[in-house]
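Here are some notes for a colleague who has not looked at this structure before. Please read them with the structure open.

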Amino acid sequence: MSFNLLVLTCLGYVVLLFVVASAAERAAEAGRAGWLRSPLVYTLSLSVYCTAWTFYGAVGYAARSGLEFMTIYLGPTLVFVGWWVILRKLVRIGRENRVTSIADMISARYGKSNLLGVIVTILCIMAGTPYIALQLQSIAQSFTVFVTDPAGSSLATDTTLIAFWVAAGLAFFTIAFGTRSLDANEQHPGVVTAIAVEAVVKLLALLAVGVFVVWFVATGPADILTRIDAQALPEWEIQPGRWTGLILLSAIAIICLPRMFQVTVVENTDDQHLATASWAFPVYLFLISLFVLPIAVIGMELMPAGSNPDMFVLTLPLHLGQDGLALFSFLGGFSAATSMVIVASLALATMVSNHIVVPLWLRARSARQQDTGDMRLLVLSVRRLSITLVLALGYIYYVITGGSAALAAIGLIAFVGVAQCLPALIGALYWRGASRNGAALGLVAGMLIWLYTLLLPSFGPDVFLSARLMESGLFDIAWLRPYSLFGLTTLDPLLHSLFWSLMVNVMAFCAGSILSFPSPIERVQGALFVDIFNRPGTARSWTRPIAEAEDLLPMAQRIFGLTEAQSFFRAQAKLQGKDSYLPDITPEFVEALELKLAGSVGSATAHAMLAQTVGTSIVSVDDLMAVASETAQIMEYSAQLEAKSEELSRTARQLREANEKLQTLSVQKDAFLSQISHELRTPMTSIRAFSEILMDTEGMADEERTHFAQIIHDESIRLTRLLDDLLDLSVLEHGQVQLNIAPAKLRNMIDKAISASNSVQADRKFTLHRSRDREDIEIVTDAGRLTQVFINVLSNSRKYCDAAEPQMRINVRRRGEMVEVDFVDNGSGIPRDQEALIFEKFSRLTDSLQAGGAGLGLAICREIMLNLKGDITYVPGQGGAAFRVSFPIRLQARDSAQPASADSAEAAE
Amino acid sequence: MKPPRTQQFLGRDSYRMRRVMDAARVLPLFGLILLLLPLMRHSPEFEAPPTATETVYLFAVWAALILAAFLFSLWLRRALDQPERRADPPDPIADTSGKED
Amino acid sequence: MGKRVLVIEDEPNISEALRFILSRNGWRVEVTADGQAALGSLSQDPPDLLILDLMLPGVSGFDILRDLRAREDTQSLPVLMLTAKGQAADRIEAERLGVTRFMTKPFANADVLAAVHEMAQT
C-alpha cells in the first residue's frame, strides 16, 4: 500500500474527528448536548485506558507471556465493578468541587495547597511524558510496517519525522478542542465525543481482526483453543507474584492515571453514568481482550520467525493479503494512540497551567501590583502553551530514547509512578486525619523510590545510573542496590519498586499525617471530602469577606469573560433576593465564586486569587465547629449526643465539686471571721476587764497589781502575734516576701525547730526519732522561713497528737534536686474529709486547745513553701498525722520573685 | 397491631437496598479472589491445567463479574441520590483546636 | 452570805477577772472551764445565777443552756451568756433557747455587775 494513501486515510480520519468534535461543541453550546452526555459516550471515553500499547502491545505481551496481559484489564474491571466503594465517592467529590485534575483534587483536599499540586504535577509529567513518547513511537512504527514502497517517500522511513508530524497534529487538535473556552467545569464535550468515536473505531478494528483470525484463519473457537495449547510456551506459566501484583497495579492505575482521572472524574456529569460504566466499561475491556490471545497464537503460527509480535495486529492481515482489514486495523491503532495523547496532554497541560504557570504569574503580578488584562486569554494561552510543551517533551523523549527497549516497558513503569498518588488520594476520601504534610511527604518519598528503583534504571546501565551503582548499590552498599533494596532480591524489578515505593509512601504519609497539625482549611476540606455523602449542605471556608462586589466583578470578568461573569453575579444577586448586578458579598457568594473559579483555574489558584482580592480567608475555630455540626453532628446525632451528654455530666461533676469546695470555703470563711473576732475579742476582754479593775480598785496590793498588769501584758502580746500572723500570710500570698537565700545545714534548722516547739505543752513528754546523719545536707534556701514551717508542723503535732505517749518521726530523703522531710506522729491523724481543707487559711480542725493560733499556721506554711519553690502536703495512711515538706536543694534567687501560687504543682509529687 | 402492609414493604425495600450496597462493596474482593484462583492451581506436584482452560475460566469469571455488576447497578442507581447512612462515628474535628496559618 | 454565781469560762484570764469583780461586790463565785462537768453539779446544787461562755471546749454554751431549760429545777435559773463572736445570729439563737441576758465580749465591768444585779432581783 502506498505511503500517500496511508497518509490520506489518516488525514481523512482526522478530518472526520474534527467534524465530530466541532459538531459536538456546537451542540453543547446550543444546549442540545443531551445525547453527548449519555452514559454510552461516558463509557466509551473511558477507553482512553486502552492505548496503542494495548492495541498493539497486548498481542505482543500475550505472545511473550501468555495470559499475563489480562491483568492489565482485570484490575480496572475490579475497580469499576466495585465502583460503589471508591469511584462513586471520587466522582461525586470531583464534580461537587469542580476539580480539574488529579493534582487539583489532592491539592484541594489538603487545604488547597499548591505545593501538593506542584508535586503531583511533576510526578505525572515524569510518568506521562514517556508514555506519550510510547504512543508516538507506535504510530511511527505502524507507518513503517505498513508502507510497502519505502522508496516512494523519504518520509516513510523516517520515523522521527513521522512522530514529529503526528505530535504537531495532535497538539493542534488538542488545542483546538481542549482549549476552546475556560469552561466552568473544565469539561470538553468535543474532545470527549471524538474520543468516544475513536473508542468505537479501535474496538471494531481489533474485533474485526479477531473475528477474521478465529473464523477465517482458524475454524472457530474450539480450534483456537487447541492451537493455544499447541503454541503454549513454558514462559506462559502464570507467575503468582506478577499476576497478583499487576492486577493490583492496574487497578491503582485506572484511578490515578491523569488521563483516566480526566475522563472518569473531570468529564463526568452524572453519577448515573458511572452506574452504567460500572458494567459497560468492563464489557469494553472484555471485548478488547477477547481476541488478543488468538491473534497472538495465529501470528506465532503463521508469521515468519523473528517477526515482531507487537505488530501482529497489523502484519498478520497484511501477511494474509487482507489489505482492507489491515488498513482498518491501522486506523484502530492510530485511534488508540491519538486518543491517549489528546487526553493525556490535555490533563497534563491543565495541571501545568493551573499549578505551576498561573500561580507563578499571580505571584509575579501581586509583586508588581498591576491589575490589567484579560486573565481568560492568559489562562488559555498558558493552557495552549502547556499542551505544546507536553507534546514537545514527549516527542523529544521519543527522539532521545527512540525505539529502545526502555520505551516498550514504559507503560507499567508509568503505572508505578502514578500509583504514588494513591495513598494521598485514598486518604483524601476516607481519612479526615490525613494532612498536607503527610501527603507531601508520602508523595515525595514514593516518587524518589520509584525514580531510583525503576524509572532511572530502566534506561539501562550508564545512562542515569552507572553500571557500578546498579551492581553494587549506592555508596557501594549492597542494600541500596536499585533492584534489590534491603536485600529484597526475589522480586522482579517492577514488583520490587511497586512494593518499596508504596510501602515507604504509605508510611511517610501516615507518619506525616499523624505527627503534623492540619490547618483549619485542611480540616474543613477534609470534612467536606470524607463526609460527602452525609452532608446536608455545603460548608464554608470563607468567613466575613471584606471585599466589595465591585472588586470581585472585574476579577471574575477577567476569568470568565464579561457576559458570563455578569450573568453569574446577577444570578447570585437574584438568589439573595436583590434586583441588581452586584450581590452582597456573603460567605456563600464567595464560596460559589471560588467554586466557579476553581473549575477554570484549579482550587488552589482560585483560592489564592480570591484571597488576594477578598483578603485572607480566615477559618476560625467557630467555623470548624460549624462544619462539624453540619457534617458530622447531624448524621451521627446519637453519637454526638452521647458524647455531649457525657461531656456535660463531666462538666456538671466538675462544677459540683467546685461548688462544694466553694461552699465549704464560704462556711470556713464565716467561721474564720467569727473565729478571728473571737481570737481578737478574747485577749481584749481580759485587757479591758483588768485595766478597769486596776483603774477603779482602791488599795490593791502591789503583788496583785503586778499580776494583773502581767496578764494585760501577756494578752497584748497574744494580740500582736495574731495580727503578725495575718500580715505574714497576706504578704506570703501575694508573693511580696523578701527571702534571705543562703546556704544552711538542714540538721541545724531541725534542731532549732525542735527546741522552739518544745515550749508548746512543755509538760507533755514527746519522743522524737530522727536520723541526724541523713539530715546532714547543705541546702540553699531561706533558712528562717523553712525553720518556721518546721516549727509549725512540730508544734501542731505537740498540740494535736492524741496518743497516750506521743511520738514523732522525722525522715529526711533526697529525691533528685529535691529534699523531702517527713514529720509523722502516732496520733489518730486528720480525718479524711478534712484533708483537703487543712491548708486553707480559714481552717481549724477543732476548737479545742486553741493555743494562741487561729488556724493560720498551715496556711502560712504552705505559702512559705510555695515561695521556696517547694510544697507541704499531708500524706494520709502513715499511722498518724504525716506532713511532707519538700523543697529544692538549691533555690535560685530569681525564681522566688515570681508569684508563688502559680506553680504549686511543680514540686508536688 | 400490624403496621400497614405498604409501609412494611417500603421498609423491606430500603433494607434490601442496603444489603445490595453491601454486596456491591464485597463484589470486587470476591472477584479478586476468583481471579487469583489460577495461582493455586499451579503447584509443583501437579500438572497445571492447559492455557486454554485457564483462558476459558478467566473469561467466564470476567463475564460473571460483569453480569453481577450489571444487576447491582440496576438497584444501586436508585440509591445514588439519597444520602447514605454511616454506622461508624466520625472523627470529631472540633475537639482539638485547629492551628491557624 | 452573798448569792452564789457559777462562771463557766475556758479562758483563765477572763474567769479570773470575773471572779475578782463579782466577789468584790459580795458574790460567792465558783469558776469552771469544763461545761460538761458543770452540768452535773448544777442540778445537784443549783447556783443563784449562771454566767456562761458560748465557745467552750468540747461543748457549746447553747447545748448547756438547752439542757438547763429542759430540766425542771434549772428551768428558771437566770443565765448571762457571754460571747466573743458577737454575731447577731448567736444572740437570736440564745434568746430562742431562753437566755436571760446576752452580752458580747469585751464587756465593761460595770455592765456585767449591773446585769447580774438586775437578774438576781427577779
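1. Why does Lys869(A) count as buried? Lys869(A) has 21 C-beta neighbours inside 10 Å, so it counts as buried; the threshold is 20 or more. Please keep in mind that this is a predicted model. Lys869(A) sits in the loop that links helix H36 (857-867) to strand E6 (871-874) of chain A. Its phi is near 60 degrees, a positive value in a residue other than glycine.

2. Another loop residue of chain A with a positive phi is Arg98(A), at about 50 degrees although it is not a glycine. Arg98(A) belongs to the loop between helix H5 (87-96) and H6 of chain A. Arg98(A) counts as buried because 23 C-beta neighbours lie inside 10 Å.

3. The helix that follows this loop, H6 (residues 102-109) of chain A, is mostly covered, with eight of its eight residues buried. Among the buried residues are Asp104(A) and Arg109(A), along with Ile102(A), Met105(A) and Ile106(A). Just after H6(A) comes Gly111(A), which takes a positive phi of about 70 degrees.

4. Gly880(A) lies in the loop between E6 and strand E7 (882-888) of chain A. Gly880(A) is buried because 21 other C-beta atoms are within 10 Å. Leaving aside neighbours within four places in sequence, Gly880(A) is in contact with Val824(A), Asp825(A), Asn826(A), Gly827(A) and Gly829(A). The C-alpha atoms of Gly880(A) and Ser797(A) are separated by 9.9 Å, while the two residues are 83 residues apart along the chain.

5. Turning to chain C, how many strands form the open sheet, and in what order? There are five strands, in the order E2-E1-E3-E4-E5 (chain C), and the pairing is parallel. Strand E2 (28-32) and strand E5 (101-104) of chain C are the edge strands, each pairing on one side only. On average, and with direction ignored, neighbouring strands of this sheet are turned by 20 degrees against each other.

6. At one edge of the sheet, strand E4 (residues 79-83) of chain C runs parallel to E5(C) and is joined to it by four bridges. Met81(C) has Phe102(C) in E5(C) as its bridge partner. The loop between E5 and helix H5 (109-121) of chain C contains Pro106(C). The peptide bond from Lys105(C) to Pro106(C) is cis, with omega near -10 degrees.

7. Which strands do the helices of chain C lie across? Helix H1 (residues 12-24) of chain C lies across strand E1 (4-8), E2 and strand E3 (49-53) of that chain. H1(C) runs at about 170 degrees to E2(C). Helix H3 (residues 61-70) of chain C lies across E1, E3 and E4 of chain C. The angle between H3(C) and E3(C) is about 150 degrees.

8. The last point is the contact between the two chains. Chain A contributes 17 residues and chain C contributes 18 residues. On the side of chain A that touches chain C, helix H31 (637-696) and helix H32 (702-733) of chain A each supply at least two residues. H31(A) gives the most to this side, with 13 residues. By class, the side of chain A that touches chain C has five nonpolar, seven polar and five charged residues.

Definitions and conventions. Residues are numbered from 1 along each chain as its sequence is written. Chains are lettered from A and ligands numbered from 1 in the order in which they are written. This is a predicted model: local features need pLDDT of at least 70, side-chain atom pairs count only at pLDDT 80 or more; totals for chains, interfaces and linings use all residues. Two residues are in contact if their C-beta atoms, placed from the backbone, lie within 7 Å. Ala, Val, Leu, Ile, Met, Phe, Trp, Tyr, Cys and Pro count as nonpolar, Asp, Glu, Lys and Arg as charged, and the others, Gly among them, as polar. Two strands pair if DSSP finds at least two bridges between them. Axes are lines fitted to C-alpha atoms, for helices over the stretch in contact, and angles run from 0 to 180 degrees between N-to-C directions. A residue is buried if 20 or more other C-beta atoms lie within 10 Å of its own, exposed if 12 or fewer, and partly exposed in between; C-beta atoms are placed from the backbone.
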